[in-house]
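The following exercises concern salt bridges and the burial of a helix. Each task is followed by a worked solution.

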Amino acid sequence: MRFFSFILVIVMLLQLAGCGKKYEGDVDVDLTSMSGTMVYSYVADMLANPESYRGQVVRMHGDSNMTHGGSHSCIVYDALGCCTEGIEYVLADEELDYPDDGDSITVVGTFATYSKGGNTYFTLVNSILE
């Protein structure tokens, strides 16, 4: 019993010492609790119908990726792992370093769009990494 209590305390301490800080606020769209198929479908819908999501706080888990233009994205995969969708994110704290390509991340930010060169882009602004 003493050993079990010791392990339980260690597990609780490890949870408190996570990599990032936990978002403190309401999340409108939490993609981290969905299956791979649902996440991919939800992100595809966000990109197809951005006006329905603009201003909503989104939490998503995926792989970090930096584009050739220098923006950073969170990439999610479909259930088979063959198709990807991604949403750019901009960290609220400009002093923080962005993760390396391929790192597993969970990002929380406010969904927004912007236009550049006649194209519409999708981003999570004021983001934090959890």
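E130 has a relative accessible area of 22%, so this residue is partly exposed (buried means under 20%, exposed over 50%, partly exposed in between; 1.4 Å probe, protein chains only). The model is predicted: local features need pLDDT of at least 70 and side-chain atom pairs pLDDT 80 or more, while totals for chains, interfaces and linings use all residues. Residues are numbered from 1 along each chain as its sequence is written, and side-chain values use heavy atoms, without hydrogens and water.

**Exercise 1.** Determine which residue forms a salt bridge with E130.

Solution. Step 1: the criterion is a side-chain nitrogen of Lys or Arg within 4 Å of a carboxyl oxygen of Asp or Glu. Step 2: R59 satisfies it, its closest N and O atoms with E130 being 2.8 Å apart. Step 3: R59 belongs to strand 2 and E130 to the segment after strand 6, 71 residues apart (strands are DSSP runs of E, at least two residues; helices are runs of H or I, at least four; both numbered from the N terminus).

**Exercise 2.** Identify the network of salt bridges that contains R59.

Solution. Step 1: R59 also meets D30 in a salt bridge, at 3.3 Å from N to O. Step 2: D30 lies in strand 1 (residues 29-30), so this pair ties together parts 29 residues apart in sequence. Step 3: D30, R59 and E130 are thus linked in a network. Step 4: R59 counts as buried at 10% relative accessibility, whereas D30, at 26%, counts as partly exposed.

**Exercise 3.** State which residues of helix 2 are buried.

Solution. V39, Y40, V43, M46 and L47 are buried.
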